[in-house]
Amino acid sequence: MMNIFQKYLERIKNRSLKDFLKCLWLPLVIMVAVIFADLLTKSIIENKLSLNQSVILIPNFLAFTYVLNEGAAFSILEGQRWVFITITAIALIAMLLYLLYDCEKLTVLLKVALALVMGGSVGNLVDRLALGKVRDFIQIIYFGYNIPVLGGESFAIFNVADAAITVGTILLIIGVIIGPYKKETQK
């Protein structure tokens, strides 16, 4: 285990700040943009709507409904705040270390995927730390119906961070399937 850690530190130590910035600028910009958009939209919704208030944006398709979620997606594991905080912190550290370690070898797709997942995770982590709950507000209504999902009453109400995590996870799966590393160019 110590040998792996030393190898990791050696690989990172041999890079300059310029090298890090060259390969990390895109993931950093995406992460900051996701965190900013998530926290901004949550703040606007919190200031404009009362808890459980709903505003229909597109009839029979989209509404903003302000709710507080103590669980994960679809309110599973409700009330397990510290479990989510711990798991999120560990996952963020693991993704960051992976990104730092293999930065110049990763494809753009994988960098974008990791940045979306990390940005969304930070956005929801901020809510869990500050409020003990996550502010959700985007409600999809399919042709006028709240379609039950996973035994719930209706499709999950979510936020920008959740959307970023979902899109990032899909891109991550695609990136791993097609190959996470850049192809070596022959000289």
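Contact here means heavy atoms within 4.5 Å. With that in mind, the predicted model offers a pleasant place to start at the meeting of two helices. In α2, the residues Val34, Ala37, Asp38 and Thr41 touch Val160, Ala161 and Ala164 of α5. By class, this contact of α2 with α5 is made by five nonpolar residues, one polar residue and one charged residue. The two helices, α2 spanning residues 17-48 and α5 spanning residues 160-178, pack at an angle of about 145°, and their axes lie 8 Å apart.

Val34 gives a closer view of this region. Val34 belongs to helix α2 and has a relative accessible area of 9%, so it is buried, the limit being under 20%. Apart from neighbours within four places in sequence, Val34 is in contact with Leu116, Gly119, Gly120 and Ala164. Along the chain, Val34 and Ala161 are 127 residues apart, yet 6.9 Å separates their C-alpha atoms.

Attention turns next to Asn159, which sits in the loop between β3 (134-140) and α5. The relative accessibility of Asn159 is 0%, and Asn159 therefore counts as buried. Its side chain takes part in polar contacts with the backbone on two sides. A polar atom of the Asn159 side chain lies 3.0 Å from the backbone oxygen of Arg135, and the side chain of Asn159 also reaches the backbone nitrogen of Asp162, at 2.7 Å. Once residues up to four places away in sequence are set aside, Asn159 touches Asp38, Lys42, Asn124, Val134, Arg135, Asp136, Phe137 and Ile138. Of these, Asp38 also appears among the α2 residues that meet α5.

Helix α4 lends itself to a simple check of length. This helix covers residues 108-131, and its 24 residues, at 1.5 Å a residue, should span 34 Å. The C-alpha atoms at the two ends of α4 are 34 Å apart, so the model agrees with the expected span. After α4 comes Gly132, which has a positive phi, near 80°.

A final stop is Ile58, found in strand β1 (residues 54-58). Ile58 counts as partly exposed because its relative accessibility is 42%, a value that falls between the 20% limit for buried residues and the 50% limit for exposed ones. Ile58 and Ile141 are 83 residues apart in sequence, while the distance between them in space is 9.2 Å, C-alpha to C-alpha.

Note on methods:
Residues numbered from 1 in each chain as written. Predicted model: local features only at pLDDT ≥ 70, side-chain atom pairs only at ≥ 80, totals over all residues. Heavy atoms only, no water. Axes fitted to C-alpha atoms, helices over the stretch in contact; angles between N-to-C directions. Helix = DSSP H or I, 4+ residues; strand = E, 2+ residues; numbered from the N terminus. Nonpolar A, V, L, I, M, F, W, Y, C, P; charged D, E, K, R; others polar. Expected span 1.5 Å × (residues − 1). Buried < 20%, exposed > 50% of the residue type's maximum accessible area, 1.4 Å probe, protein only. Polar contact = N/O pair within 3.5 Å; in protein donor to acceptor, adjacent residues only side chain to side chain.
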